[in-house]
Amino acid sequence: MSDQTKQALEFIAKQIRELKIIQPHLVEAVNAILAKEQFYKWKKQVVALVGEQLGAGYRKRLSKDWLETAFAGADMYDELSDDIEMCLRHLYQLSSEIETQGLQSPDEPSST
């Protein structure tokens, strides 16, 4: 495994740890609207970092999945919880993909 791939996996693991730390605070927040706004800012930041660390293809993919997809639900807390779980799934999937296939070319969109 190349150093670049190891760094990419460490970066993703850091994002997973961070999301798991903030998850309980978001889903138990008093103000669901504020929690959703804070989580959206976190997602935008991570998408930008993914572009810097892993490449534009990964950034485009996460941007589409995280920022351009809306979850409609009756309860804002359920919606937020679903959104967080979706982000965790994508991060785990991305980690697994990089571990098995290696890091794609910086500008190459991933096939998944």
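Okay, let's start with D78: at 48% relative accessibility, it counts as partly exposed. Keep in mind that this is a predicted model.

D78 sits in helix α4, which runs over residues 76–101. And where does its charge go? D78 gathers with D75, D82 and E85 in a patch of negative charge on the surface.

Let me stay with E85 for a second, since E85 is in helix α4 too. Its relative accessible area is 34%, so E85 is partly exposed. Then there's a long-range pairing to look at: E85 and K20 are 65 residues apart in sequence, yet C-alpha to C-alpha they are 9.7 Å apart in space.

Now on to I98, another residue of helix α4. Is I98 buried or exposed? Its relative accessible area is 0%, so I98 is buried. Buried here means under 20%.

So what is I98 touching? If you skip the neighbours within four places in sequence, I98 is in contact with T5, A8, L9, I12, L54, Y58 and L103. Take T5 from that list: I98 and T5 are 93 residues apart in sequence, and their C-alphas are 7.0 Å apart in space.

Y58, also among the I98 contacts, takes us over to helix α3, residues 56–67. Y58 is one of the buried residues there, along with A56, G57, R61, L62, S63 and W66. And what covers them? The cover includes α2, residues 32–53, and also α4.

So that's helix α4 for today: D78 and E85 in the negative patch on the surface, and I98 buried. Okay, over to you for questions.

Terms used. Residues are numbered from 1 along each chain as its sequence is written. This is a predicted model: local features need pLDDT of at least 70, side-chain atom pairs count only at pLDDT 80 or more; totals for chains, interfaces and linings use all residues. Side-chain values use heavy atoms; hydrogens and water are left out. Patches are made of residues with over 30% relative accessible area and no salt bridge: like charges are joined within 9 Å, nonpolar side chains (Val, Leu, Ile, Met, Phe, Trp, Tyr) within 5 Å. Accessible areas come from the Shrake-Rupley method with a 1.4 Å probe; for residues, only the protein chains shown count as cover. A salt bridge is a side-chain nitrogen of Lys or Arg within 4 Å of a carboxyl oxygen of Asp or Glu. Lys and Arg count as positive and Asp and Glu as negative; His and the chain ends are not counted. The place of a charge is taken as NZ of Lys, CZ of Arg, CG of Asp or CD of Glu. Helices (H or I, at least four residues) and strands (E, at least two) are DSSP runs, numbered from the N terminus. Buried means under 20% relative accessible area, exposed over 50%, partly exposed in between (1.4 Å probe, protein chains only). Contact means heavy atoms within 4.5 Å.
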